[in-house]
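Q: I am new to this structure. Please take one part of it and go through it closely, then show me what surrounds it.

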Amino acid sequence: MRGQMNQAISNLQAILEECGSSLEQVIRTQIMYTDPADVEAMASAYARRFRAPLPVRTSWGVKFLAAEPGSELVRVQIECVAEVG
């Protein structure tokens with residue numbers, strides 16, 4: 001989970017920077033995960049990658065997350081709302 005969470009946040013960071021924003025400007029996130037046992041690792045990665053005060057976070061478990069054919073099993077998905085500029 002840590003690797004996928006870090007990768008998801010890195011992907012989010014790249015998209016934000018391309019749009020003229022950053023992780024520091026994230027206001028709210030929504031996170032879906034597939035294994036309740038991963039919640040602690042997810043929270044730990046979140047706390048390391050975002051600055052205090054942490055963005056508001058809503059997270060919930062789901063049965064599965066869609067993956068591209070041939071790719072590894074997706075265990076986490078994150079989306080956000082951020083300020084631009």
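A: What follows is a walk along one helix, and then outward from it.

The model is a predicted one. Keep that in mind throughout.

The part to look at is helix α2, residues 39–49. Start with its buried residues. They are A41, M42, A45 and Y46. Around the helix axis these residues cover an arc of only 135°, so they lie on the same side of α2. What covers them? The cover includes α1, β1, β2 and β3. So the buried side of α2 can be followed to both helix and strand elements, because helix α1 and strand β1 are among those that cover its buried residues.

Look now at Y46. Y46 is buried, and its relative accessible area is 1%. F50 is its ring partner. The two form an aromatic pair. A pair of aromatic rings is described by two things, the distance of the centres and the angle of the planes. For Y46 and F50, the centres are 4.7 Å apart and the planes make an angle of 40°. Why is this pair called tilted? Planes under 30 degrees apart would count as stacked and planes over 60 as edge-to-face, so the rest are tilted. At 40°, Y46 and F50 belong to that last group. The count of aromatic pairs comes to one. F50 is buried too, with a relative accessible area of 3%.

Y46 has another neighbour. R57 lies over the face of its ring. The distance from the ring centre is 4.7 Å.

S44 is also in helix α2. Is S44 buried or exposed, or in between? At 26% relative accessibility it counts as partly exposed, because buried would need a value under 20% and exposed one over 50%. The side chain of S44 makes a polar contact with that of R48, at 2.9 Å. T29 is 15 residues away from S44 along the chain, and their C-alpha atoms are separated by 15 Å.

Step back along the chain, to the loop between β1 and α2. D38 lies there. Although it is a loop residue, D38 is buried, at 7% relative accessible area. What does D38 touch? Leaving aside neighbours within four places in sequence, its contacts are M1 and R75. With R75 there is a polar contact between side chains, of 2.7 Å.

Step forward instead, to the loop between α2 and β2. Strand β2 covers residues 56–61. R51 lies in this loop. R51 is exposed, with a relative accessible area of 59%. K63 is twelve residues from R51 along the chain, and the C-alpha atoms of the two are separated by 30 Å. P53 lies in the loop between α2 and β2 as well. What kind of peptide bond joins A52 and P53? It is a cis bond, with omega about -5°. Most peptide bonds are trans.

Now turn to the elements that cover α2. Strand β1 (26–33) holds V26. V26 counts as buried, at 9% relative accessibility. Beyond neighbours within four places in sequence, V26 is in contact with L16, F50, P55, C80, V81 and A82. One of these contacts, F50, is the ring partner of Y46. A43 is 17 residues from V26 along the chain, and their C-alpha atoms are separated by 16 Å.

Helix α1 is another element of the cover. Its 17 residues, 2–18, should span 24 Å at 1.5 Å a residue; the end C-alpha atoms are 24 Å apart, which agrees. The buried residues of α1 are Q4, M5, A8, I9, L12 and L16. They take up an arc of only 135° around the axis, so they too sit on the same side, here that of α1. Their cover includes β1, α2 and β3 (76–82). Helices α1 and α2 thus each appear in what covers the other's buried residues, because α2 is listed for α1 and α1 for α2. The face of α1 turned away from its buried side carries the exposed residues G3 and E18.

Q4 gives a view of one end of α1. Q4 counts as buried, at 17% relative accessibility. Its contacts, leaving aside neighbours within four places in sequence, are E72, L73, V74, R75 and V76. R75 is the link back: it touches Q4, and its side chain joins that of D38. After α1 comes G20, whose phi is positive, near 85°. Most residues other than glycine have a negative phi.

Note on methods. Residues are numbered from 1 along each chain as its sequence is written. This is a predicted model: local features need pLDDT of at least 70, side-chain atom pairs count only at pLDDT 80 or more; totals for chains, interfaces and linings use all residues. Side-chain values use heavy atoms; hydrogens and water are left out. Rings of Phe, Tyr and Trp (its six-membered ring) pair if their centres lie within 6.5 Å; planes under 30 degrees apart count as stacked, over 60 as edge-to-face and the rest as tilted. Buried means under 20% relative accessible area, exposed over 50%, partly exposed in between (1.4 Å probe, protein chains only). A charge sits over a ring if NZ of Lys or CZ of Arg is within 6 Å of the ring centre and within 35 degrees of the ring normal. Helices (H or I, at least four residues) and strands (E, at least two) are DSSP runs, numbered from the N terminus. The expected span of a helix is 1.5 Å times one less than its number of residues. The arc is that of the directions from the helix axis to the C-beta atoms. Contact means heavy atoms within 4.5 Å. A polar contact is a pair of N or O atoms within 3.5 Å; within protein, one must be able to donate a hydrogen and the other to accept it, and residues adjacent in sequence count only if both atoms are side-chain atoms.
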